[in-house]
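Work through the exercises below with the sequence and the structure open. Each task is followed by a solution in steps.

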Amino acid sequence: MNHFTNHYRQLPSHFYQVISPEPLIDARLVHYNRSLAAEIGIDLNDQQIRQLTSGEAMPEDFTPLAQKYTGHQFGYYNPDLGDGRGLLLGQTLHNDRSWDLHLKGAGMTPFSRRGDGRAVLRSAVREYLIGEALHYLNVPTTRCLSLCHSPEPVYREKIENRASYIRTAKTHVRFGHFEWLAEINDRASFIQLADYVIELVYPHLADEPESTRYAELLREVCINTAQMIAKWQAVGFCHGVMNSDNMSIAGETFDFGPYAFLDDFKIHYICNHSDSEGRYAYSQQPNIGLWNCQVLGQAFAMLLDSKQIEQALDAYVIHYNQAYLQAMGNKFGLADINENDRDFIADSLILMDQSDIDFHHFFKKLALLESEREQQWNDFIGDSKAWRDWQQTYLARTEKQQREHRQRQIQQQTVDFVLRNHIAQEIIENCESGDYQLLAQTMQWLQTPNNPPSELQNNYRHFLEQPNAAMKGIALSCSS
Ligand SMILES: Nc1ncnc2c1ncn2[C@@H]1O[C@H](COP(=O)(O)OP(=O)(O)OP(=O)(O)O)[C@@H](O)[C@H]1O
């Protein structure tokens, strides 16, 4: 039995505008994420979820509303943001937990500015897939529950099909919500929002005295953000649009732009074609995470002194560095990971960058090094002095480790099925032609990225191999 509500409505009324979604015409249900539905206690049937996702009908306990927020986009403050094409329907309550349900592509709102309030199938499918991919890679993330497709034309750079989808998150409160309340100097509302976030996401802080509660909140948000970004780096995920309105206060990966997983390892890889200066390049993600936390810290100056803010930002740096070292050390199969390994990891990545080596395949082959199949490693890495030297360093670093342990450790971190852009593109094209089968299969396959089922290995071998040059860098436009 579902328990729906919309507790965001407890907050002051200038936080949102209540709006009805604009239903999709002739909407078809593309997919219903039943494993997520089971986790969060949703027992709607196919017809009900189609009606909800298309905006045709919804349980009466929901109150769709567009949230007001602001944020820094590409480094510049934009005061005019808010949900321009999505509505927070409300929450489902299950096992003493609350999950936001947000309908994206729901039509125009007072925050639409020059936009049409719509989402297109292409970007909807991409967001749908990546939430699952990251979730099963153990990266905190928002995920999608259901997706609808309509033949209604929507103009982007060409005519596309309209779509709408339900996104779930611990909360849809973004860094930008707090930036907005600081900008309008609304201290009382700021405290209300901070307490709302604590109750929902950081309930262990609820009993802290006021003098430390909000400092702790900022510190924990910084730590969660740092740990999330360390995981992005380790799985080779590039977000693409790390604007502060796209940063979740819960530390979940949120609002994916033209994201990508790395193919050939390029430290400064830029997945967003609009990002001409590489602000959001792979190498920049940790620093931009800190930059966004600084922006959030400035907003929290409403309640905190500069020392408290500095401590929170210091916590970001400390926790990022710890989490990154641990995750990358694991990836290289190192035991007793310590500070000395930091240079080894950095040097290894520089060499990979110079050698045009596929990020994911590198680790797969590394697991074979020193085994009876070592030839495969040599064939993969090629015969160069730089790599022979590297191999010596690596073998010296790992010589006291049991070979089987090291291999198992690497294999546990190695991803065989990576949601590369060419895979997403093939699925999008199938969906656009009305065939949703491959999307459904992929949603299954993403659940075991380290252990691809034989069906995937037999029928979609090109999903598991390094993409060829033609498939690399598929130009995925930023317009969504
Ligand atoms: N087609 C559109 N119509 C109206 N507003 C839009 C449209 N596309 C984006 N926006 C608005 O522009 C701003 C930035 O867009 P961005 O792409 O970061 O968000 P989004 O993907 O639309 O939504 P979310 O952040 O909830 O995932 C947001 O305020 C968003 O609502």
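**Exercise 1. A helix pair**

Task: in this predicted model, determine the handedness with which α4 passes α5, and work out how the two helices are oriented to each other.

Solution.
- Handedness: the crossing in which α4 passes α5 is left-handed.
- Angle: the axes of α4 (residues 175-183) and α5 (residues 187-201) come within 8 Å and cross at roughly 160°.
- Orientation: angles over 145 degrees count as roughly antiparallel, so α4 is roughly antiparallel to α5.
- Contact residues: α4 brings H177, F178, L181 and A182, which meet S189, F190 and L193 of α5.
- Classes: five residues of this contact are nonpolar, two are polar and none is charged.

**Exercise 2. A second helix pair**

Task: find the orientation of α6 and α8, then the handedness of their crossing.

Solution.
- Angle: the α6 and α8 axes come within 8 Å, crossing at roughly 25°.
- Orientation: angles under 35 degrees count as roughly parallel, and α6 and α8 are therefore roughly parallel to each other.
- Handedness: α6 and α8 make a right-handed crossing.
- Classes: the contact of α6 with α8 comprises 18 nonpolar, six polar and three charged residues.

**Exercise 3. The nonpolar core**

Task: state how many residues the largest nonpolar core has, and which helix gives the most to this core.

Solution.
- Count: the largest nonpolar core has 126 residues.
- Helix: α6 (residues 210-235) gives the most to this core, with 14 residues.
- Centres of contact: the residues with the most contacts inside the core are A124, V125, F178, L218, L296, F300 and L419.
- One of them in detail: apart from neighbours within four places in sequence, L419 is in contact with L129, I130, A133, F261, A424 and L446.
- Background: in soluble globular proteins, nonpolar side chains tend to be buried together.

**Exercise 4. Two positive phi values**

Task: locate D96 and D336, and decide for each whether the residue is buried or exposed.

Solution.
- Background: most residues other than glycine have a negative phi.
- Phi of D96: the value is positive, about 60°, although D96 is not a glycine.
- Place of D96: this residue lies in the loop between β7 (86-94) and β8 (97-104).
- Exposure of D96: the cut-off for exposed is 12 or fewer other C-beta atoms within 10 Å; D96 has 6 C-beta neighbours inside 10 Å, so D96 counts as exposed.
- Phi of D336: the value is near 45°, again positive in a residue other than glycine.
- Place of D336: the loop between α8 (306-331) and α9 (341-354) holds this residue.
- Exposure of D336: with 8 other C-beta atoms within 10 Å, D336 is exposed.

Note on methods
Residues numbered from 1 in each chain as written. Predicted model: local features only at pLDDT ≥ 70, side-chain atom pairs only at ≥ 80, totals over all residues. Axes fitted to C-alpha atoms, helices over the stretch in contact; angles between N-to-C directions. Helix = DSSP H or I, 4+ residues; strand = E, 2+ residues; numbered from the N terminus. Parallel < 35°, antiparallel > 145°, perpendicular 65-115°, else oblique. Left-handed = near helix turned anticlockwise from the far one by under 90°. Contact = placed C-beta atoms within 7 Å. Nonpolar A, V, L, I, M, F, W, Y, C, P; charged D, E, K, R; others polar. Core = buried A, V, L, I, M, F, W, Y, C linked by C-beta atoms within 7 Å. Buried ≥ 20, exposed ≤ 12 C-beta atoms within 10 Å, placed from the backbone.
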